[in-house]
Amino acid sequence: MAEVTMRVWRGDASGGDFESYTVAQNEGEVVLDIIHRIQATEAPDLACRWNCKAGKCGSCAAEINGKPRLMCMTRMDQLPEGPVTVTPMKTFPIIRDLVTDVSFNFVQAEKVPALLPPPMPEGGYVMFQEDVQRGQEFRKCIECFMCQDVCHVIRDHEENKTNYAGPRFFIRYAELEMHPLDTNDRRDLVREAMGLGYCNITKCCTEVCPEHIKITDNAIIPLKERVVDAHYDPIAWLGRKIRRRTKRSADDAAVQPAP
Amino acid sequence: MTYEHHEYDVLIIGAGGAGLRAAIEAKQRGLRVGIVTKSLLGKAHTVMAEGGMAAAMGNVYPEDNWMVHFRDTMRGGKYLNNYRMAELHAKESPTRVYELEQWGALFDRTKDGKILQRDFGGHRYARLAHVGDRTGLELIRTLQQKVVSMGTDVFMEHKVLKLVHDANGKVAGCVAYSRPTGEFVTFAAKAIILATGGAGKSWKFTSNSWEGTGDGHAMALWAGAKLIDMECIQFHPTGMVWPLSVRGLLVTEGVRGDGGVLRNSEGRRFMFDYVTPMFRAETAETEEEADKWYDDHSAGRRPPELLPRDEVARAINAEVKAGRGSPHGGVYLDIATRRTPEFIRRRLPSMYHQFMELAGVDITTEPMEIGPTCHYIMGGVQVVADDAATAVAGLFAAGEVAGGMHGANRLGGNSLSDLIVFGKRAGEGAADYIAAGEVAGDMDMSEVEAAVAEALAPFEREEGENPYDIQRDLQEMMQANVGIIRTQSELDYALEQLESFSERVRHIKVKGGRAYNPGWNLATDLPAMLTVCRAVAIGAGLRKESRGGHTREDFPAADAEYGKFNFAHSTNGGNWDSEIVTERSPLLEMPEELKALLEEAK
């Protein structure tokens, strides 16, 4: 049976350091298997998040050899020889060991004005596959928050967190903007409070997405275009003013009762 | 001691499909709602559901309706179901599915723009609303976004230890701890809804995550409610078997619904050899007949690969036992020779991804190796169908933690729809209970103190055992002795063993501090796991017949006498190691018009 040495960051908000563990490694195992083996033997208090162990829940994101990855989908035999380094996501505050405080994302989620559909006709809405397909790509998101972790706007600038939603929420806004049933308008919100302009399209988020969502090309760039059109085109501006009577502002929509 | 304390009208334990749907309903009734979940919001086991949610909308086969769905559910459950739950579920699931679209869900569509429905085992018509093979993710995200937009308090990464009564025995709240800090928290609530999901983590090969430790089942029993049908455990026929590190990981039934077939090492479609008399009349006899059915259900009868899950799992088990298995102890699931690569990648993207990344297998060119995996517990808290009320005033249960809906075996796709139908009903039930005004008084703090002391004991022992060792041994013991095929001597042995596991749990030693300590977290899960395992083993020993998800080698046939009641468990005393008392609880008498539906089907 092969053995592997793992360098795992251990510590909490007050500080920490790497600890090395040498444990068994079997055929086909992923990083999370090795972390679990360390827990079951040497370090039962080693903190890590995980749930499905199948790449579907997005709980076990960490930085493996410096790169954000899901521990459950990273096979040991595809990593280079030698010790494997596992550290928590850098962008979020540490709770303990590999577990970070990702509440930034849940705060952002609360700011998203809900879908505002027209009343449902008898027999359900009619939507065609072509219409739902674009939104479906974004709804594949498993909320691992690795795109948020890797985005330099907040990774390197803590102060931006107050006025920047990040790639995960740009795909959410794009999904709602492209939703066949939505009558809400979030373009001003996205431009102003959500800081879409801070993104300078380096595509780091797209590269780390485990669901292979084309975050930059299919969500952020189209969203930027829509926002710019709405804001700087005088005809669109006028149209928006008029349409406001039927198309509610984001603030109104947030307090709409359930349909 | 003093604790962080919160008060709500309705407290919901669990943030999967049932818990979130219940929260929406209670919020819409204007109540103060809190949700407690062991994980982060959006990570509950619902996210793992793949194939779809069953609802007789008739979008693909207009001849489908609630009566056919009801009949399929009862037959799939081998008639052990709470008929009223099956009836409500069949009638209400279409409305519940359409409602999700108002909240943002984007299902796959038919050519004329309706919600597309797919075939699944045991359902006469294509009935599962779905999004590729990630329907659970769509359900949880839709409900999560709705709950968040309504402004609901969610306590993430909080583990509830025990329900707490008032002086009159009503449920008045619960005691929990925060995983990040390790600090204890008390919640007072007028009504509590259990939506804690399943208990499959006590088996070695399981599709369940670390969370599936049966907390809700156990807490309900401790609080005075009854558990029924605990012996009925679903072993899903198709879990991954290789590599070992992913053994048990689910492979959606959608593979078979979309044309995949099962083959043994000789290449034979062996399911034709395992069609039981109950399903003979509606199942194809030849491969030609079966293959016509996929495109037109009137051109041939159903392929035997789409028999209910219990039947398929037993057949796979028998083939492997007979020496016709695959190299790693499973059989082959083949869609590569039956559908185009484009079709497979479009319909089953997660499966393609999962096998490619974890097993290095390209399912568009090679067969998958699969075998049964512990997936779902049909058994659960005995509830009143209409309002999800348990035997304890103020306590409600919905979703996998509730028993009765699925009888002895659940049909694929009936789980997600169960969550939204009975999640909503539990929210209404709790709201009506509160409106009636007979709610509980203050929490009995001595119950809180006892639960806290028990949770902290593993830190105080000088010596003791690592909880991970106990969990591993428990999983191996349950897999070996209370697995897919059971026999009296093994079940008796399991009960003896469970006594010694209880002794080991009393001597757990935990290292480290209380803040985010998985070893300690596991130590607090083990008491619930043992309570649930005992109830399962007791029920399995008493049910001397084979029915649905309970198969006895020594009693291979169903016995009509056992089809008249559920085994119902309660405790003498409210602790995890209290004695379990079991009685026969007669099935509800079905109205004549529903009986007639089942007669017609025979």
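Let me begin with strands S4 and S5 of chain B, where S5 covers residues 128-129, and which pair in the antiparallel sense over two bridges. Within that pairing, B:Gln117 stands opposite B:Ala129 in S5(B). I should say at once that what we are looking at is a predicted model.

These strands belong to an open sheet of three strands in chain B, with the order S3-S5-S4 and antiparallel pairing. At the edges stand S3, residues 53-54, and S4, residues 117-118, and because each of them has a single partner strand, one side of each is left without a neighbour in the sheet.

Chain B also holds an open sheet of four strands, again with antiparallel pairing, and here the order is S11-S14-S13-S12. The edge positions in this case are taken by S11, residues 233-240, and S12, residues 261-263; each has a single partner strand, so that one side of each is without a neighbour in the sheet. If we ignore direction, neighbouring strands of this sheet are turned by 45 degrees against each other on average. S11(B) and S14(B), the latter being residues 368-377, run antiparallel and are joined by six bridges, and as one position to look for on your screens, B:Gln234 has B:Tyr376 in S14(B) as its bridge partner.

Staying with chain B, please move to the loop between S11 and helix H6, residues 254-257, which is where B:Pro243 lies. The peptide bond that joins B:Trp242 and B:Pro243 is cis, with an omega of about 0 degrees. As background, most peptide bonds are trans, and most residues other than glycine have a negative phi.

The second half of that background brings us to chain A, and to the loop between helix H7, residues 187-192, and helix H8, residues 204-208, in which we find A:Ile201. Although A:Ile201 is not a glycine, its phi is positive, at about 60 degrees. In the loop between H7 and H8 of chain A we also find A:Lys203, another residue other than glycine with a positive phi, in this case near 65 degrees. Are these two residues buried or exposed? A:Ile201 counts as exposed because it has 12 C-beta neighbours inside 10 Å, while A:Lys203, with 14 other C-beta atoms within 10 Å, is partly exposed.

For a buried position in chain A, let us turn to A:Gly124, which counts as buried because it has 20 C-beta neighbours inside 10 Å. A:Gly124 sits in the loop between helix H2, residues 103-110, and helix H3, residues 129-139, of chain A. Which residues does A:Gly124 touch, if we do not count those up to four places away in sequence? They are B:Tyr98, B:Glu101, B:Lys114 and B:Ile115. Within chain A, the C-alpha atom of A:Gly124 is separated by 29 Å from that of A:Arg168, a residue 44 places away along the chain.

Finally, let us consider how chain A is divided as a whole, namely into domain 1, residues 2-100, and domain 2, residues 103-254. Taken over C-alpha atoms, the centres of these two domains of chain A are separated by 32 Å. Where they meet, twelve residues of domain 1 are in contact with 13 residues of domain 2, and on the side of domain 1 that touches domain 2, the residues divide into seven nonpolar, three polar and two charged.

Key. Residues numbered from 1 in each chain as written. Chains lettered and ligands numbered in written order. Predicted model: local features only at pLDDT ≥ 70, side-chain atom pairs only at ≥ 80, totals over all residues. Pairing = 2+ DSSP bridges. Axes fitted to C-alpha atoms, helices over the stretch in contact; angles between N-to-C directions. Contact = placed C-beta atoms within 7 Å. Domains from an automatic or database assignment. Nonpolar A, V, L, I, M, F, W, Y, C, P; charged D, E, K, R; others polar.
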